[in-house]
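Colleague: I'd like a close look at a single part of this model, the stretch you find most worth a visit. Please take me through it at bench pace, with the terms spelled out as you go.

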Amino acid sequence: MQSLYITIALLGGIVLPIQVGLNSTVAQTTGSPILASVISFLVGTIGMCLYFIAMRQPWPSMAALASVPAYAWAAGLLGAFYVTISIM
């Protein structure tokens, strides 16, 4: 099982520069790195929702979502910041 996690981590590192290149292409085509980031997150959100449904994961309760510390929601903002600055 450990080798699976190592392989996944390596693949994650490999795809990061590919993602930056693809997002840069979208930014150049649209003329806006911010719009490219929005498109990237929209496509990613659709993909993750489809994956979530395919894995038949139960939806979290509102109580579970409400119990997430407020600062933890900043992860999405940090992701948006990373994607945007990586293609500017």
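Modeller: Happy to! Two residues are in contact when heavy atoms lie within 4.5 Å of each other. With that in hand, take N23: beyond its neighbours within four places in sequence, N23 is in contact with A36, S40, V83 and I87.

A word on the ground rules. This is a predicted model, where local features need pLDDT of at least 70 and side-chain atom pairs count only at pLDDT 80 or more, while totals for chains, interfaces and linings use all residues. Residues are numbered from 1 along each chain as its sequence is written, and side-chain values use heavy atoms, with hydrogens and water left out.

The part I've picked is helix α2, together with what packs against it. Helices here are DSSP runs (H or I, at least four residues), numbered from the N terminus. α2 covers 33-54. Its 22 residues reach 31 Å from the first C-alpha to the last, close to the 32 Å expected at 1.5 Å a residue; the expected span is 1.5 Å times one less than the number of residues.

Which residues of α2 are buried? They are A36, S37 and S40. Buried means under 20% relative accessible area, exposed means over 50%, and partly exposed is in between, with a 1.4 Å probe and protein chains only. Looking down the axis of α2, you would find its buried residues within an arc of 95°, so they line one face of the helix. That arc is taken from the directions from the helix axis to the C-beta atoms. An α-helix has 3.6 residues a turn, so residues three or four places apart point the same way. On the other side of α2, I34, L42, L50 and I53 are exposed.

What lies over the buried face? The cover for the buried residues of α2 includes α1 and α4 (74-87). S37 shows the α4 side of this well: S37 is buried, with a relative accessible area of 5%, and leaving aside neighbours within four places in sequence, S37 is in contact with V83, T84 and I87.

Those three partners turn up again from the point of view of α4, where V83, T84 and I87 are buried. They cover an arc of only 95° around the axis, which puts them on the same side of α4. The face of α4 turned away from that buried side carries the exposed residues A75, L77, L78 and F81. As for cover, the buried residues of α4 have α1 and α2 among what lies over them. The 14 residues of α4 should span 20 Å at 1.5 Å a residue, and the end C-alpha atoms are 20 Å apart, which agrees.

I87 of helix α4 is buried at 8% relative accessibility. Apart from neighbours within four places in sequence, I87 is in contact with V20, N23, S24, A27, P33, A36 and S37. N23, back in helix α1, counts as buried, also with a stated 8% relative accessibility. The C-alpha atoms of N23 and A80 are separated by 12 Å, though the two residues are 57 apart along the chain.

α2 also helps to form the largest pocket, which holds about 150 Å³ of space. A pocket is an open set of points on a 1 Å grid over the protein atoms alone, where a 1.4 Å probe fits, with protein on both sides within 12 Å along at least five of seven lines; lining residues have an atom within 4 Å of a point. The volume is the space filled by probe spheres set on the points, which are joined across faces, edges and corners. Q19, L22, N23, V26, A36, I39, S40 and V43 line the largest pocket, and α1 (2-30) and α2 each supply at least two residues of that lining. By type, the lining has five nonpolar, three polar and no charged residues.

Finally, look just past the end of α2. R56, in the loop between α2 and α3 (62-66), has a positive phi of about 55° although it is not a glycine. Most residues other than glycine have a negative phi. R56 counts as exposed, at 76% relative accessibility. Q57 is found in that loop between α2 and α3 too, and counts as partly exposed at 45% relative accessibility.

Notes:
Nonpolar A, V, L, I, M, F, W, Y, C, P; charged D, E, K, R; others polar.
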